[in-house]
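Here are some short exercises to work through with the model open beside you. Try each task before you read its solution.

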Amino acid sequence: MNLAQYNRVVSLYADAVFRFILKNLKNEDKAKDVVQDSFEKLWRNKDQINPDKVKSYLFTTAYHTMIDMIRKEKRIEDFDRVEECDYSHVDQYCDIKEILNIALDRLSEIQRSVILLRDYEGYTYQEIAKITDLSESQVKVYIYRARKHLKKFIGKIETIV
Amino acid sequence: MRKITLYNYETFFLDYLEGNLSKKEHLLLDEFLCRYPHLRLELEEMDLFILPGEQINFNKEKLQSIPFRSEFDDYCVAKLEGDLDADEAIAFNEFISANKAYRQDWNSYEKSIAIPDLSIGYPDKSELQKKSKLIPFWFFGTGIAASVLLFFSIWNNPNLKSNPEIVKSNVPVKILPPPVLNKVEVKKEDNITPFAYASLAKNKSNTKKIKVGKSVVVHSSRIPLKNEIENEIVKVSVPKINLAPIEKPLDNKKQKVNLEYSKISPNEMIAQKTGLNQLGMEWKSSLPEKNGKKTFLYAVAKYGVDKLGEIAGKRIQIQKKYDSETEKSRLSFNSTGIGFSTTVK
């Protein structure tokens with residue numbers, strides 16, 4: 001990958017990676033740090049990376065950098081555990097997008113990541129498995145559980161509203 | 001006709017229960033039971049095991065239908081993820097249309113698809129992008145000028161001229177007697193290099209000293225010793241030095257010639273003439289090999305040489321290499337048809 005190709009990759013994917021990380025971290029500065037780190041790693045390894053797999057490499061690097069950051073801050077939770085929703089304070093939300101954002105926040109890190117990779121970027125189960133270091137069946141299970149939780153949350157809110 | 005005995009009465013009993021006995025066999029069975037009344041009870045017990053007929057209707061439609069109700073969530077997720085095949089997807093849509101109770105749940109599932117907010121983007125992509133290194137315009141001209149200067153400095157480098165090396169052969173040879181001495185006056189200011197003194201002063205043979213007034217004339221086949229000149233006690237005359245011709249190796253076998261080079265390096269000789277040396281000081285480069293390449297002047301010169309090569313369409317190289325063993329840097333200039341190198345400080 002030469003300089004021009006690298007800069008093209010920045011133009012194409014920087015926003016998507018930033019959105020994905022920002023949605024997970026909820027902190028713009030930290031999301032920027034993760035994106036910068038990821039692109040620095042890409043630049044350092046530009047000669048070893050297959051240009052066709054740059055996007056996947058970026059998301060994988062960004063995901064792992066994000067996980068490392070979360071672990072460092074000791075904010076990581078049990079990925080398998082999903083918090084039970086507290087519906088008491090959400091009756092003021094009417095916009096479905098806002099409700100979905102709240103619902104996404106209530107998912108575990110891993111569930112949120114797989115859902116965002118699936119919905120935002122349209123990755124296949126196999127690709128998500130590669131990015132997140134999970135098996136394909138684990139990815140399916142996480143997506144299934146996440147969807148059920150999202151539906152449950154959205155359904156409940158809509159009923160209340 | 002069959003006869004009923006204690007060994008085959010079970011078959012008669014079974015045929016009786018299933019209504020397969022003829023009238024005569026019925027009579028034979030009655031006679032047998034009269035003879036063996038305890039077997040009548042056995043026949044009655046067998047009769048109890050006949051199961052009454054039962055009307056069972058299997059629900060074939062249930063088997064044919066897809067279990068959308070019992071596994072509704074699974075099918076909803078599968079539908080969202082695009083995992084249903086075409087037939088299942090059509091059947092699922094029909095099921096949703098036909099069942100209002102499930103439609104609301106399905107709507108909630110549909111809303112769980114996260115849509116990216118495209119208004120959110122990385123604030124400043126230019127800080128992620130890399131820029132090619134800009135070479136200032138003056139660097140080009142300066143580079144060429146420096147390379148030209150470097151070229152002439154190498155050409156005129158005294159090191160290139162004063163590179164005497166003495167070769168001693170280990171091959172035994174027959175040496176002719178020294179030639180007839182010719183008197184030659186050698187003055188102090190004659191350019192006899194210290195190296196020549198060092199190498200030839202050892203040969204003290206064939207030397208005659210003759211006093212002429214206050215002076216002493218030395219007839220010798222060797223170059224006079226340094227102190228003989230410095231003390232000005234003599235006007236020294238030395239012969240023209242003709243190296244004795246080598247006739248042939250004594251041994252006809254092939255001799256491996258080991259050439260022994262003088263250990264006195266030319267730089268040591270040059271160093272004796274420098275101002276630092278006259279002050280009793282000396283300078284040695286301490287640049288490591290890597291850093292040696294990165295010196296600014298060298299970098300500029302290299303750039304200039306590269307550009308000259310581009311202009312000329314030839315491959316021209318200039319290399320500076322630091323030898324850690326000798327602690328000297330060596331500058332090499334190579335192009336098609338010409339190449340030379342020299343030690344530099």
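**Exercise 1. Work out how many residues of chain B are in contact with how many of chain A, and which helices of chain B take part.**

Step 1. Count contacts, meaning pairs of residues whose C-beta atoms, placed from the backbone, lie within 7 Å. The count gives 22 residues of chain B against 31 residues of chain A.

Step 2. Assign them to elements; helices (H or I, at least four residues) and strands (E, at least two) are DSSP runs numbered from the N terminus. On the side of chain B that touches chain A, helix H5 (72-81) and helix H7 (100-110) of chain B each supply at least two residues. H5(B) gives the most, with 4 residues.

Step 3. Sort that side of chain B by class: 10 residues are nonpolar, 5 polar and 7 charged. Here Ala, Val, Leu, Ile, Met, Phe, Trp, Tyr, Cys and Pro count as nonpolar, Asp, Glu, Lys and Arg as charged, and the others, Gly among them, as polar.

A note on conventions: this is a predicted model, in which local features need pLDDT of at least 70 and side-chain atom pairs count only at pLDDT 80 or more, while totals for chains, interfaces and linings use all residues. Residues are numbered from 1 along each chain as its sequence is written, and chains are lettered from A and ligands numbered from 1 in the order in which they are written.

**Exercise 2. Decide which parts of the model deserve caution.**

Step 1. Use pLDDT, the predictor's confidence in each residue from 0 to 100. Chain A has a mean of 82, with 84% of its residues at 70 or more.

Step 2. Do likewise for chain B: the average is 66, and 48% of the residues score at least 70. Residues 233-247 of chain B fall below 50, although this stretch has 41 contacts beyond near neighbours in sequence.

Step 3. Return to chain A, where pLDDT stays under 50 over residues 82-91. Where pLDDT is low, the predicted coordinates should not be read in detail.

Step 4. For the complex, the predictor gives an ipTM of 0.70 and a pTM of 0.44.

**Exercise 3. Find the largest nonpolar core and say where it lies.**

Step 1. Chain A has 7 helices and 0 strands.

Step 2. Call a residue buried if 20 or more other C-beta atoms lie within 10 Å of its own, exposed if 12 or fewer, and partly exposed in between. A nonpolar core joins buried Ala, Val, Leu, Ile, Met, Phe, Trp, Tyr and Cys residues through C-beta atoms within 7 Å.

Step 3. The largest such core has 48 residues, and Val17(A), Ile21(A), Val35(A), Ala62(A) and Val114(A) have the most contacts inside it. H1(A) gives the most to this core, with 12 residues.

Step 4. Domain 1 (1-76) and domain 2 (82-161) of chain A both give residues to this core, so it lies between them; the domain bounds come from an automatic or database domain assignment.

Step 5. Look at Val35(A): beyond four places in sequence, its contacts include Val17(A), Ile21(A) and Tyr122(B).

**Exercise 4. Is Leu21(B) buried, exposed or partly exposed?**

Step 1. Locate Leu21(B) in the loop between helix H1 (9-17) and helix H2 (23-35) of chain B.

Step 2. Count its surroundings: 19 other C-beta atoms lie within 10 Å, so Leu21(B) is partly exposed.

Step 3. List its partners more than four places away in sequence, including Phe12(B), Tyr16(B) and Leu29(B).

Definitions and conventions: Two residues are in contact if their C-beta atoms, placed from the backbone, lie within 7 Å.
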